[in-house]
Structure formats: C-alpha cells, structure tokens
Amino acid sequence: MSGSYPNDLLYTKDHEWARIDGTVATIGVTRFAVDQLGDVTQVDLPKEGEKVSQGDVFGSVESVKAVSDLFAPLSGKVVKVNSPLSESPENVNEEPYDEGWMIQIELSKPDEVKSLLDADAYQEFLRESAE
Amino acid sequence: MEASSGQPRKTPLYEAHRALGAKMIDFGGWLMPVQYATGIIDEHQATRRAVGLFDVCHMGEVHFRGPRATDAVQRLVTGNIGALPNGHAAYVVACYPDGGVVDDLIVYRFERDHILIVVNAANVAKDVAWFRDNVGTWCEVTDASDETGLLAFQGPQAQQALQPLTDAPLATLKHHDFFPTATVAGVPVSIARTGYTAEDGFELFAPTAEVPRLWDALLGAAQAVGGKPVGLGARDTLRLEGRLSLYGNELTNQTTPLEAGLGWVVKFEAGEFIGKQALLKQRAEGPTRKLAGFVMVGRGIARHGYPIVDEAGARIGEVTSGSPGPTVGKNIGLGYVPAAKAEAGTRLLVDCRGKFIEAEVVKGPFYKRAG
C-alpha cells in the first residue's frame, strides 16, 4: 500500500494531505478518504484570498452517498484553487495526489508543519483505527 | 427503522461479496454490500445499460395460507387483492388505523388460499407481529424469511441474459406477473417480473441454501452482457431516479400513502382495510402536505433530513431522500412540503448545511425507461 501514501507528503488524522514547497502548501484528501467517500460528485472550496486556520473546515466534498467536511491541515491564505474540480470532481477519486488536489495556501504559521504526520505515521494511524 | 439487536446478520452471499471487493455496511440489521470495487455510479450505469445483480436476501418473505388468506391480506393492505389474478403481484402499503404506513409491500398471489408478501428487511419482526395480530384465525401466517433467498436481476438486458439459464418462457411473463415454480441454473425458484430500479427485470426467490449457486450463475449471465453485481448505494440512486419510495424515508408511521403520492395503490372500492376510514377522511379534506420530487437548480445536493425552507428561512418541510441522479445528470430529491408547494414548477429552497439552495418541483419520475 506504500504507493497509496507518498513519502513526500504530510498527513492529518482527518485524512488530508499537504505537499510543502517553501512557504506554500498544496492540500488534498488521501487515498483512504477517497476510498471511504466513494464517487465524488461535487467539491466546494474557498475562494482565492480567503484565510483558513489549521483544523477548521475549509470546504466540503459530496459523494453519491454523503457529504464530508474538509479540514485545513495548516493555516494560511488561499493563493490558488483547483477550479477544474468543479467540472471534473472524479479527479479526486482517480488522482487524489495529482489532478485531485484542492487548494494551495501561503502558510501563515509554518511551524504547524511539525504537527503533521509523515507517511509511515499516517499509515500506522490507519492501522490502529482499523482495529 | 427498528433497532436491531446484537450483531448484524449475514446473507448466504457475504463471502461472495467480500471476494468481489464489496464495501459492507450494516443496513436494517444486515451486513450488506453498499458498493463493489468500481463504485456506485458505475453500478448504476451498468444496470441502466445492461443488467445489475442484487442480493436482496435481507428482505422478508411472509406466507399467508388458508381458505381465507385472500380475505386476510385484503384487510391488511390497500390493494385490491380479491381482484388480483393468481400468478400476479401488486405493490401496496399496509396502514395503521390512523393511515400511517406500517410498511410498503409486494403482494404475490399464488392461489386464493396462498399469498406471499415481501416486506422490508428492517420491518420483518414488526410486520409479522402486526399481520398476526390482525388476521386472527383467518389464515396461517408464516415468516419464511430465513429459509428464502431473494436475488434481483434488473436492466434492459435482463430477459436476454436470463433466458439461457431457464426453460421458463420469460417473454410471456408480463410486468408484475410471476411463475410460481421454475428452474434457473438447476435451482428451484419463483421468478417474478418485479423490481426496484425503474428498469425491466426479474426477482428470483430460492431456498437459502441454493442462493450461492444461483448467484454464481446469475453473475456469469450478467457479466456476459456487460452487467455486474450492484450494491445498496446504486440500488438507492436507481430507485430514487424512478421516484420509488423507501420505507424509513418517504414512508413512515407518520406519513400516509395519500401524502406520499401513492393514492394509486389505495383501492377504496376493494373492501374494508385497516386505515380506510382515516384515508377516506384525508382524501375528502385533501392532504395538507405532499411528497414533492425536485431537481436542484443551484449547486448543492439535498440529503435525507435537510430542511426545506421559505425565503425567510422558516422550515416548511423536509427532504426525505436526495442524491446525484447518475442517469438524469442532475441532483434530485424527494421531500414533504405544504400541498400548495408540491405543484410542478414551484421553486423551493433546501437548507444544505446552512446554505439555501434553490430547487424546482417536477412531476413524475425523474427517469423513465424507454418503451
């Protein structure tokens, strides 16, 4: 399952991932989240310029069966939104770490990065949760 | 829905579902596949395009036997059971004296002295108790749910795919008719041309022990025409597109069939049945609320339990079911609203987690199969 959780990403227990590039983080949901959601049919995201805080709801994902909140893994200002997702929400299912990314934020509290899980720790968390 | 006690039960196909990559959930006290590996939308489309195979062994089967079986069932349900020919099935509801719905049912008339009623999984114990309390000594009521398996084989290719497995002349079986005794892939079955998907298709009753063998044969037949196994997730989107009610959502003991738009299953002329007086009164006065079908105009998906509100945000009704409609290509839903708001073309607002999203009332099913 190692391919399901790339080593260059950081993770949260809410099943979001973050790819850190300097002071910018790209954010999406994990393969585990996608498997739980099933077919994604709508993604609601904040607008560019909006501020998000770590742990707060920044959007939602609708699957056929249910709606789920998205929780910000880090705090910052939204600098880019993956707007093609509104036309192609299935990208979240097909490529959650690539075309399925959701927002990019300019970090306001870069130290928060230390609170995230690496791929091993996240997978350990998934194993514990399954028991 | 009744609370189920203890561990959820498994159908004879539990292992088969796991082997097919199913995600299992507790539904009405049963561990059932909500979807298989390729997901709800793919399963939905496969059923609309070819054929879908459904494990519905969780449903209950209750037999009424005895010289007054027809009279007994007539008293319990809203349909005209006396007029139902042998070998014919009818969709009906059973009501409480106040008109609230006990359950929605399919009644299969084998003979005047033998009727089968298929009941919802979560309602088996409640229904059997209600039936027994109300038929008295008119006939024998037997809960055969444990020894009876039920599989649904649904879709435009269903007849073509099923025929090679049986000598029964499927082309002669009309909608809502059934063959009481037939053989499919060597398994003794009853075959009914009924279903819950808004497609043509069949439901096959078989002895529980034979269900895995029947499933394997039907799965092969489905796959041969591009079909596949289908879980409860797509069963729900398929029935919602067909505007078919789900007990626990559109129908409860707090709703009447007239409010739910099921006036067509209430046959007042058929004789006396439980709830008739209350329903006659409601028909005369007109229901104050009605079930409306709607499509979302704004960007949002209505879900079971979301409020329907007026411009000021005051609650005027509630969503009973809602989801994307994979075939109709719109987000669709059903909900109770004041009767005046149930007319086609009326604009409604659905409170989608704090956002008021516009919806428009539409008449009839969201999806109708061709022909």
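A crossing is right-handed if the near helix is turned clockwise from the far one by less than a right angle. That is the sense needed for the first two views of this predicted model.

**View 1. Helix α3(B) crosses helix α4(B) in the right-handed sense.**
Here we look at α3 (residues 69-76) and α4 (residues 124-135), both of chain B, which pack at an angle of about 115 degrees. Their axes sit 10 Å apart. On the α3(B) side, the residues that make the contact are A72(B), R75(B) and L76(B). They meet F131(B), N134(B) and V135(B) from α4(B). Sort the residues of this contact by class and you get four nonpolar, one polar and one charged.

**View 2. Helices α2(B) and α7(B) also make a right-handed crossing.**
This pair brings together α2 (residues 40-49) and α7 (residues 232-241) of chain B, with 8 Å between the axes. The packing angle is about 55 degrees, which makes α2(B) oblique to α7(B). From α2(B) come I40(B), E43(B), H44(B) and T47(B). Facing them in α7(B) are G233(B), A234(B), T237(B) and L238(B). The mix at this contact is three nonpolar, four polar and one charged.

**View 3. Strands β2(B) and β3(B) form a hairpin with two residues between them.**
The two strands are β2 (residues 23-27) and β3 (residues 30-35) of chain B; they run antiparallel and are joined by five bridges. Two of the pairings are worth picking out: I25(B) has M32(B) as its bridge partner, and F27(B) stands opposite W30(B). In the turn, G28(B) has a positive phi of about 55 degrees.

**View 4. The hairpin strands belong to an open sheet of three strands, ordered β1-β3-β2 in chain B.**
Pairing in this sheet is mixed. Which strands are at the edges? They are β1 (9-10) and β2 of chain B, each pairing on one side only. Helix α7(B), already seen against α2(B), lies across β2 and β3 of chain B. Its direction is at about 70 degrees to β3(B).

**View 5. Six strands of chain B close into a barrel.**
Follow the strands round and the order is β15-β18-β17-β16-β19-β20, with antiparallel pairing. On average, neighbouring strands here are turned by 45 degrees against each other, direction ignored. Helix α7(B) turns up again, packing on this sheet and touching β17 and β18 (330-338) of chain B. The direction of α7(B) makes about 115 degrees with that of β17(B). For a look at one pairing, take β16 (residues 307-309) and β17 (residues 315-325) of chain B, which pair in the antiparallel sense over three bridges. Within that pairing, P307(B) has E318(B) as its bridge partner.

**View 6. Two histidines, H15(A) and H176(B), have positive phi values.**
Start with H15(A), where phi is near 75 degrees, a positive value in a residue other than glycine. H15(A) sits in the loop between β1 (10-11) and β2 (16-21) of chain A. Is H15(A) buried or exposed? The cut-off for buried is 20 or more other C-beta atoms within 10 Å; H15(A) has 25 C-beta neighbours inside 10 Å, so it counts as buried.
Now for H176(B), with phi near 70 degrees. This residue is in the loop between α5 (158-162) and β11 (178-184) of chain B. H176(B) counts as partly exposed because it has 17 C-beta neighbours inside 10 Å.

**View 7. D200(B) sits in the loop between β12 (187-192) and β13 (201-207) of chain B.**
Which residues does D200(B) touch, leaving out those up to four places away in sequence? They are P156(B), A158(B), Q159(B) and R369(B). With 17 C-beta neighbours inside 10 Å, D200(B) counts as partly exposed. For a sense of scale, V328(B) is 128 residues from D200(B) along the chain, and 18 Å separates their C-alpha atoms.

**View 8. Chain A touches chain B through eight of its residues.**
On the chain B side, 11 residues are in contact with chain A. The chain A side of this contact splits into two nonpolar, three polar and three charged residues.

Definitions and conventions:
Residues are numbered from 1 along each chain as its sequence is written. Chains are lettered from A and ligands numbered from 1 in the order in which they are written. This is a predicted model: local features need pLDDT of at least 70, side-chain atom pairs count only at pLDDT 80 or more; totals for chains, interfaces and linings use all residues. Two residues are in contact if their C-beta atoms, placed from the backbone, lie within 7 Å. Ala, Val, Leu, Ile, Met, Phe, Trp, Tyr, Cys and Pro count as nonpolar, Asp, Glu, Lys and Arg as charged, and the others, Gly among them, as polar. Axes are lines fitted to C-alpha atoms, for helices over the stretch in contact, and angles run from 0 to 180 degrees between N-to-C directions. Helices (H or I, at least four residues) and strands (E, at least two) are DSSP runs, numbered from the N terminus. Angles under 35 degrees count as roughly parallel, over 145 as roughly antiparallel, 65 to 115 as roughly perpendicular and the rest as oblique. Two strands pair if DSSP finds at least two bridges between them. A residue is buried if 20 or more other C-beta atoms lie within 10 Å of its own, exposed if 12 or fewer, and partly exposed in between; C-beta atoms are placed from the backbone.
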